[in-house]
Amino acid sequence: MPWWAWRARLRQRWALWWQGRLPRTDTLLLTQRNVYILPTRAGWMLGVTLAVLLIGSINYQLNLGYALTFLLAGCAAAGMVVGHGTLRGLALQMAPPEPVFAGQLARLGVTLINNRRTPRWAIGVALQGTRQWAWADVAAGGQTTVEVAFAPPRRGQHAVPTLVAETRFPLGSFRVWAPWQPAARVLVYPAPEPQPPALPAGEPAPGSGHAGGARASGEFDGVRGYQRGDPLKLVVWKKYARSGELVSRDTQQVQRQALWLDYARAGPLAPEARLSRLTAWVLAADAQGLDWGLRLPGIEIAVDGGPAHRLRCLEALATC
């Protein structure tokens, strides 16, 4: 195995071991215990330059050379102290991540809170191991929110990756950073099928005494004249475009039909493709203002409607 492959493997193991030692918390106060500092490439070059200047000054007994060497070394030391103080005392807070669909970027809002009387400059936040930095300055006694994003690999519950807060202020000769492992988790719904078939036919609701079904297009038969206050999503716009008459779907008629989105009736597809189709049906039924139930292997969610029901069904699809 080549040496660079061994080095990559060692780095990966070191990172896993180190991340396992980090406590998971959505609020982190940076102190001297969790803030680290090392020279950057520019810092190492500055050190080499100072060493050459010092050797030359000693060899040729140059008083101005001594003065320049120690002046630059003093500036570098002062920059190290200032850079470390830029992060020390800063508080990081993670906002609860919003659920996303598979294939979308999960956006993480990180609030930088500065409780001291002087501003903090050039603070960056990024996922560990990436270079997609979000930079911000934090005013004295204020706070600033930055946003970073990552792509979850698949549906389900996912832990937020390790984040890094960093600054190279003021000279860029030292990198001051702090790793952070948030406790928040991101819920990823299945990706909805791009062009799903029509909603399945409705089943007669128990005790309704009505045996009719829904149309194959997913629109239920019952309509009535438009009444002031009807939600716009209940208006049959196709009929209005043809005849100019405003009619609304009859919710009482719809209630006689039990619309079930059933995993077993989603078609001869792979399991993940079935979940994608069910996700698309859930979004379509919610957009039409219908009530529906969801049947998954080992899970049955009763017929209902509204935003809370939609979120409950999407969560079941994400975690089943």
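Let's start with a pairing: strand E3 (residues 91-94) and E5 run antiparallel and are joined by four bridges. Helices here (H or I, at least four residues) and strands (E, at least two) are DSSP runs, numbered from the N terminus, and two strands pair if DSSP finds at least two bridges between them. Keep in mind that this is a predicted model, where local features need pLDDT of at least 70, side-chain atom pairs count only at pLDDT 80 or more, and totals for chains, interfaces and linings use all residues. Residues are numbered from 1 along each chain as its sequence is written, and side-chain values use heavy atoms, with hydrogens and water left out.

**The whole protein**

- You're looking at seven helices and 18 strands.
- Of the 320 residues in the protein, 38% are buried; buried means under 20% relative accessible area, exposed means over 50%, and partly exposed is in between (1.4 Å probe, protein chains only).
- Take the contacts in the protein with a separation of 6 or more: 65% of them involve residues 24 or more positions apart, a contact being heavy atoms within 4.5 Å.
- About 18500 Å² is exposed by the protein, with carbon and sulfur atoms supplying 58% of it. Those areas come from the Shrake-Rupley method with a 1.4 Å probe, and for residues, only the protein chains shown count as cover.

**Around strand E5**

- Strand E5 covers residues 106-113 and is mostly covered, with six of its eight residues buried.
- In the pairing with E3, Leu 92 has Leu 112 of E5 as its bridge partner.
- E5 also pairs with strand E8 (residues 143-150), in the antiparallel sense and over eight bridges.
- In that pairing, Ala 106 has Phe 150 of E8 as its bridge partner.

**Around strand E12**

- Strand E12 (residues 185-189) is mostly covered too: four of its five residues are buried.
- Strand E4 (residues 100-101) runs parallel to E12, and two bridges join them.
- Within the E4 pairing, Val 100 stands opposite Val 188.
- E9 and E12 run antiparallel, joined by four bridges.
- Val 188 turns up here as well, as the bridge partner of Gly 156.

**His 158**

- Which strand holds His 158? That's E9, which spans residues 156-159.
- His 158 counts as buried because its relative accessibility is 11%.
- A polar atom of the His 158 side chain lies 2.5 Å from the backbone oxygen of Arg 154. For reference, a polar contact is a pair of N or O atoms within 3.5 Å; within protein, one must be able to donate a hydrogen and the other to accept it, and residues adjacent in sequence count only if both atoms are side-chain atoms.
- Leaving aside neighbours within four places in sequence, His 158 is in contact with Pro 152, Pro 153, Ala 184, Arg 185, Val 186 and Val 188.

**Rings and charges**

- How many aromatic pairs does a search of the whole structure find? Four. Rings of Phe, Tyr and Trp (its six-membered ring) pair if their centres lie within 6.5 Å; planes under 30 degrees apart count as stacked, over 60 as edge-to-face and the rest as tilted.
- Arg 175 has its charged end over the ring of Trp 177, 4.3 Å from the ring's centre. The criterion is NZ of Lys or CZ of Arg within 6 Å of the ring centre and within 35 degrees of the ring normal.
- Over the face of Trp 260 lies Arg 295, at 4.0 Å from the ring centre.

**Backbone spots to check**

- The peptide bond from Phe 169 to Pro 170 is cis, with omega near 5°.
- You'll find Pro 170 in the loop between strand E10 (163-167) and strand E11 (174-180).
- Gln 61 isn't a glycine, yet its phi is positive, near 55°. Gln 61 sits in the loop between helix H2 (41-60) and helix H3 (63-87), and it counts as exposed because its relative accessibility is 55%.
- Ala 122 also has a positive phi, near 50°. Ala 122 is in strand E6 (residues 120-127), and at 30% relative accessibility it counts as partly exposed.

**Ala 273**

- Ala 273 belongs to helix H6 (residues 271-287) and, at 30% relative accessibility, counts as partly exposed.
- Ala 273 and Ala 191 are 82 residues apart along the chain, with their C-alpha atoms separated by 9.0 Å.
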